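Hello,

Here is the structure we talked about handing over. Please have a look, then read my notes below.

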Amino acid sequence: MSYSEGHPVRPVGGRLALDFVNTADWTANADVAHEKLNSLADLDVWLRALQIEARCGCTLDQLKSLRSDLRAMFLEAKSSETLNAVRELDFGTPAETPLLLEGLLAASAISILTDPREHGRLKMCPGDNCGWLFIDETRNSRRTWCSMESCGNRAKAARHYQRTRKSTVSR
C-alpha cells in the first residue's frame, strides 16, 4: 500500500505508536523532512496497511501535533516523569478510547514508555532525514537502521562510493 504521493507504507517500528511517529521523515533538528500524512485519506491508507480498524476522533493537524509530542516524549523520556507526561497528552475522549486510534496510540505509547525493557531498546535510525524510531528486537541489540532495504543500503552505497573514490584519487 502507498500514500497519496506514492511512498509505500513501511511499518518498521515494531510498535503501533512508533509506526505512527514514523509517518513522517525527520531532520536532525526534529523537524518534519517529508510528510506522509497529507490528508485523512493517507491516514486511512496507513490504518489499512497496518490492519487496524479504528476511527480517528481528531483533525489531521491535531494528529500531527500528537505525533510530534509522542516522538519528543520517546526521545526524552525519563522514567519517573513518563507516565504523568503521557497522561497530559491529548489522546481524545477516554470513554471512546477502545474504538479510537488515539486510544490505541496511548496504550502503545504507555507500554513503551513505562517498560524499561521496551524503552531500553528504543532506537532512532541515523539515516539522512529519516529519524524513524524502532524497537531493536535483535538478540544482540545491534540493529542500526530502520530498514536495511532503505537507509541501510543507502549508507552502504555511500561508504562504497567513498572507498572507491579514495582508491581512484590515490592512483
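Where is the place of D31? D31 sits in the loop between β1 (24–26) and β2. Keep in mind that this is a predicted model.

D31 is partly exposed, with a relative accessible area of 44%. Leaving out residues up to four places away in sequence, D31 touches D25 and W26. D31 and G131 are 100 residues apart in sequence, yet their C-alpha atoms are 9.8 Å apart in space.

Now the overall layout. The chain has seven helices and four strands. From the N terminus on, the order is α-β-β-α-α-α-α-α-β-β-α. Of the 171 residues, 40% count as buried. Take the contacts between residues at least 6 apart in sequence: 56% of them join residues at least 24 apart.

Next, two acidic residues.

E35 belongs to strand β2 (residues 32–35). Is E35 buried or exposed? E35 counts as buried, at 15% relative accessibility, because the cut-off for buried is under 20%. The E35 side chain makes a polar contact with the side chain of R67, at 2.6 Å. The E35 side chain also reaches the backbone nitrogen of L37, at 2.9 Å. Beyond four places in sequence, the residues that E35 touches are E5, T23, K64 and R67.

D19 lies in helix α1 (residues 16–21). D19 is buried yet has no salt bridge. Why is there no salt bridge? The nearest side chain of opposite charge, R143, is 7.9 Å away, and a salt bridge needs a separation within 4 Å, so R143 does not qualify. What does D19 touch, not counting residues up to four places away in sequence? The list is P11, V12, G13, G14, W46 and L50.

On to the cysteines. How many disulfides does the count come to? The count is zero. C56 is in no disulfide; its nearest cysteine sulfur, that of C58, is 3.8 Å away. A disulfide needs sulfur atoms within 2.5 Å, so the C56 and C58 pair does not count. At 23% relative accessibility, C56 counts as partly exposed. For C125, the closest cysteine sulfur is in C151, at 3.7 Å, which is too far for a bond. C125 is buried, with a relative accessible area of 2%.

Last, helix α5 (residues 101–114). What span should its 14 residues give at 1.5 Å a residue? The expected span is 20 Å, and the end C-alpha atoms are 20 Å apart, so the two agree. The buried residues in α5 are L101, E102, G103, L105, A106, S108, A109, I112 and L113. An α-helix has 3.6 residues a turn, so residues three or four places apart point the same way. Please read the buried list with that in mind.

One residue in α5 deserves a separate note. A106 is in that helix. A106 is buried, with a relative accessible area of 10%. The C-alpha atoms of A106 and A17 are separated by 7.7 Å, although the two residues are 89 residues apart along the chain.

Over to you.

Best wishes

Terms used
Residues are numbered from 1 along each chain as its sequence is written. This is a predicted model: local features need pLDDT of at least 70, side-chain atom pairs count only at pLDDT 80 or more; totals for chains, interfaces and linings use all residues. Side-chain values use heavy atoms; hydrogens and water are left out. Helices (H or I, at least four residues) and strands (E, at least two) are DSSP runs, numbered from the N terminus. Buried means under 20% relative accessible area, exposed over 50%, partly exposed in between (1.4 Å probe, protein chains only). Lys and Arg count as positive and Asp and Glu as negative; His and the chain ends are not counted. Contact means heavy atoms within 4.5 Å. A polar contact is a pair of N or O atoms within 3.5 Å; within protein, one must be able to donate a hydrogen and the other to accept it, and residues adjacent in sequence count only if both atoms are side-chain atoms. The expected span of a helix is 1.5 Å times one less than its number of residues.
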